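Ready for some practice in reading a protein structure? Take a look at what follows, then work through the exercises one step at a time.

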Amino acid sequence: ATDSVAFVLLDRGFDQHVYARVFQGIGEMAVARDLHPIYLSLATAQVEAGKLPTLLKRRGVDGIIASGVYTKKAHEVISSLGVPVVVMGNYELGPKPWAACEVDLNAGTELLVETLHQLGHRRVGVVLSSSHTDYGRWLKNQLEQSLRRNAMEVTAFIAGEVANSKHEDTR
């Protein structure tokens with residue numbers, strides 16, 4: 001046993017605020033279990049090509065929590081290391097089983113729209129990142145359905161991506 005757990009973040013930077021609470025939670029839970037959290041930011045393409053840090057190749061961690069631009073190929077490579085992997089997020093990685101911490105986006109979408117409705121909003125504009133992905137299309141559909149159920153109108157659906165994305169096709 002190494003007493004270490006790695007949080008592997010693919011094609012995303014640790015400076016992105018969306019991960020701040022995640023890092024804090026992983027750190028707190030690791031320390032509470034006498035584990036040492038290790039944070040790695042890796043390029044998805046490098047992982048897909050099997051170019052991993054020696055720490056991971058030599059099984060220098062007892063477990064991996066993976067997120068970011070986590071593709072099916074990256075999952076295959078990381079899973080082949082023989083270390084338990086938990087995927088943080090909603091991904092289509094092929095046939096299960098794999099361990100995942102998935103966000104309940106159905107409930108979240110409903111809660112968002114219901115809250116806007118309760119606050120008196122009837123017309124909304126939506127900026128949706130990653131609209132070119134299966135997840136993005138699914139989320140747009142969920143939002144549209146929920147807005148219709150609440151008699152709300154979408155005045156603009158703007159598709160975009162986080163300004164500092166490393167992927168040229170998503171800017």
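A residue counts as buried when its relative accessible area is under 20%. Keep in mind that this is a predicted model.

**Exercise 1.** Work out how many residues of β1 are buried, and on which faces.

*Solution.* Start with one side of the strand: S4, A6, V8 and L10 are all buried there. Next, turn to the other side, where V5, F7 and L9 are buried too. That makes seven of the seven residues of β1 buried, so the strand is largely enclosed by the rest of the structure.

**Exercise 2.** Find the strands that pair with β1, and say in which sense they run.

*Solution.* Begin with β2: this strand and β1 are parallel and share seven bridges. Then go to β3, which also runs parallel to β1 and is joined to it by six bridges. Now use A6 as a landmark: A6 stands opposite I38 in β2 and opposite I64 in β3.

**Exercise 3.** Describe the largest nonpolar core and the elements that build it.

*Solution.* First, note that this core has 21 residues, and that V8, V47, L56, I64 and Y70 touch the most other members. Second, look for the suppliers: β1, β2, β3, α4 and β4 each give at least two residues to this core. Third, zoom in on V47: leaving out residues up to four places away in sequence, V47 touches L10, L42, L52, A74, V77 and I78. Finally, look for a second, separate core: this one has 10 residues, including F7, L9, I26 and A30.

Key: Residues numbered from 1 in each chain as written. Predicted model: local features only at pLDDT ≥ 70, side-chain atom pairs only at ≥ 80, totals over all residues. Heavy atoms only, no water. Core = buried A, V, L, I, M, F, W, Y, C linked by side-chain atoms within 4.5 Å. Buried < 20%, exposed > 50% of the residue type's maximum accessible area, 1.4 Å probe, protein only. Helix = DSSP H or I, 4+ residues; strand = E, 2+ residues; numbered from the N terminus. Contact = heavy atoms within 4.5 Å. Pairing = 2+ DSSP bridges.
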